[in-house]
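Colleague: Could you take me through this structure slowly, so that I can see how each descriptive word is earned?

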Amino acid sequence: MALEQLSSNKTFDGQLIKYKFKFNLFLPANAVNGTNAQKGGFLGPAAKEGIAILFPDTSPRGAGVEGETDSWDFGVGTGGLLPECDDPKWSKHYNMLTHVTIELPQVLEAANVPVDLTRQSIFGHSMGGHGALTLYLSSILGGVKQYRSVSAFAPIANPINCPWGQKAFEGYLQGGVEEARERYDATELVKKLGSAPVHILVDYGTGDNFFKNGQLLPENFLRAARDAGYDEVQVRVRSQEGYDHSYYFMATFGADHVHFHANFLKA
């Protein structure tokens with residue numbers, strides 16, 4: 001599929017390019033010569049590290065699935081919470097595992113975009129943070145290890161035990177929460193890794209209302225990781241005092257996450 005460029009803006013000596021294929025791509029200066037994107041505080045640090053960042057839209061737009069826009073915390077609002085939907089109503093369009101791990105890299109490669117697809121890491125925020133954790137852990141369990149590292153801002157870390165996740169799983173999956181327990185919950189997946197090496201960074205704010213009302217549950221993920229034998233070097237879960245769920249939180253710690261991934265992308 002040919003990529004149609006909609007716009008390009010110079011930033012930090014690189015280019016933030018918007019494509020019609022529903023994503024933004026930041027290319028640092030060394031790549032150019034050889035949403036979230038604007039607000040998250042990642043572009044400057046990425047430019048210094050020479051790292052490209054892909055910002056995909058993790059929910060289908062205009063799919064026309066009945067009920068997909070009826071609720072802010074379901075359908076289009078949470079399309080990236082789990083990788084694949086198997087309920088026939090949703091499965092034609094809501095397949096983010098295939099889209100993110102296979103389709104997008106193929107499109108970039110076919111378009112000769114100047115990025116090194118042999119070196120990938122993944123990060124996300126909120127429901128996308130859980131999606132990132134799930135894709136990373138699932139790839140290790142599947143023997144692929146597509147990503148060198150993963151980080152997440154305020155992820156929904158144990159969705160089978162929170163209202164957001166339960167609503168999504170019961171709606172998207174034929175097997176509901178019990179099916180999700182085996183395949184799509186980061187806290188459950190980290191228990192299964194055995195001694196496989198991991199590189200995980202999670203940040204959440206103690207002032208985040210979604211943390212305070214039990215939607216995020218990062219403490220469950222941390223406990224499961226420690227019980228599985230992972231130490232602070234391998235799995236870092238950091239509470240940031242007073243920060244909320246917003247882009248201001250992400251912008252504050254965005255550089256930390258870029259530098260974290262740079263350690264492994266450049267290794």
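Colleague: Where does Ser-126 lie?

Modeller: This is a predicted model, and in it Ser-126 lies in the loop between β5 and α6. Its phi is positive, at about 60°, although Ser-126 is not a glycine.

Colleague: Why is Ser-126 called buried?

Modeller: The word buried is used under 20% relative accessible area, and Ser-126 has a relative accessible area of 10%, so Ser-126 is buried.

Colleague: Which loop holds Leu-217, and what makes Leu-217 count as buried?

Modeller: Leu-217 is found in the loop between α10 (209–212) and α11. The cut-off is again under 20%, and because its relative accessibility is 10%, Leu-217 counts as buried. Phi of Leu-217 is near 55°, which is a positive value in a residue other than glycine.

Colleague: Why does Ala-196 count as buried, and what does Ala-196 touch?

Modeller: Ala-196 lies in the loop between α9 (186–190) and β7. Its relative accessibility is 18%, so Ala-196 counts as buried, given that the word applies under 20%. Leaving aside residues up to four places away in sequence, Ala-196 touches Ile-140 and Tyr-230. The C-alpha atoms of Ala-196 and Leu-137 are separated by 10.0 Å, and these two residues are 59 residues apart along the chain.

Colleague: Let us turn to the helices. Why are α7 and α8 called roughly perpendicular?

Modeller: The axes of helix α7 (residues 163–172) and helix α8 (residues 176–183) come within 8 Å and cross at roughly 105°. Angles of 65 to 115 degrees count as roughly perpendicular, and therefore α7 and α8 are roughly perpendicular to each other.

Colleague: Which residues make that contact, and how do they divide into nonpolar, polar and charged?

Modeller: From α7 the contact is made by Gln-166, Phe-169 and Glu-170, and from α8 by Gly-176, Val-177 and Ala-180. Sorted by type, the residues of this contact are three nonpolar, two polar and one charged. Gly is among those that count as polar.

Colleague: How do you know on which side of α7 its buried residues lie?

Modeller: The buried residues in α7 are Trp-164, Gly-165, Ala-168, Phe-169 and Tyr-172. They cover an arc of only 115° around the axis, which puts them on the same side of α7.

Colleague: What can be said of the buried residues of α8?

Modeller: In α8 the buried residues are Gly-176, Val-177, Glu-179 and Ala-180. Because their arc around the axis is only 160°, they are on the same side of α8. What covers them includes α7.

Colleague: Now the sheets. Which strands are the edge strands of the sheet β1-β2-β3-β4?

Modeller: This open sheet is formed by four strands in the order β1-β2-β3-β4, and the pairing is antiparallel. Its edge strands are β1 (5–11) and β4 (53–56), each of which pairs on one side only. On average, and with direction ignored, neighbouring strands of this sheet are turned by 15° against each other.

Colleague: How do you know that β2 and β3 pair?

Modeller: Two strands pair if there are at least two bridges between them, and strand β2 (residues 14–19) and strand β3 (residues 23–27) have five bridges, in the antiparallel sense. As one example, the bridge partner of Lys-18 in β3 is Asn-24.

Colleague: What is the order of the strands in the parallel sheet, and which helices pack on that sheet?

Modeller: The order is β5-β6-β7-β8, with four strands forming an open sheet, and its edge strands are β5 (122–125) and β8 (235–240). Helix α6 (residues 127–141) packs on the sheet, touching β5, β6 and β7, while helix α11 (residues 218–227) also packs on the sheet, touching β7 and β8.

Colleague: How many bridges support calling β5 and β6 a pair?

Modeller: There are four bridges between β5 and β6, in the parallel sense, and the cut-off is at least two. In β6, Val-150 is the bridge partner of Ile-122.

Colleague: Which residues of β5 are on the covered face, and which on the uncovered one?

Modeller: Ile-122 and Gly-124 are on the covered face of β5, whereas Phe-123 and His-125 are on the uncovered one. In a regular strand the side chains alternate between the two faces of the sheet.

Note on methods. Residues numbered from 1 in each chain as written. Predicted model: local features only at pLDDT ≥ 70, side-chain atom pairs only at ≥ 80, totals over all residues. Heavy atoms only, no water. Axes fitted to C-alpha atoms, helices over the stretch in contact; angles between N-to-C directions. Helix = DSSP H or I, 4+ residues; strand = E, 2+ residues; numbered from the N terminus. Parallel < 35°, antiparallel > 145°, perpendicular 65-115°, else oblique. Contact = heavy atoms within 4.5 Å. Buried < 20%, exposed > 50% of the residue type's maximum accessible area, 1.4 Å probe, protein only. Arc of directions from axis to C-beta.
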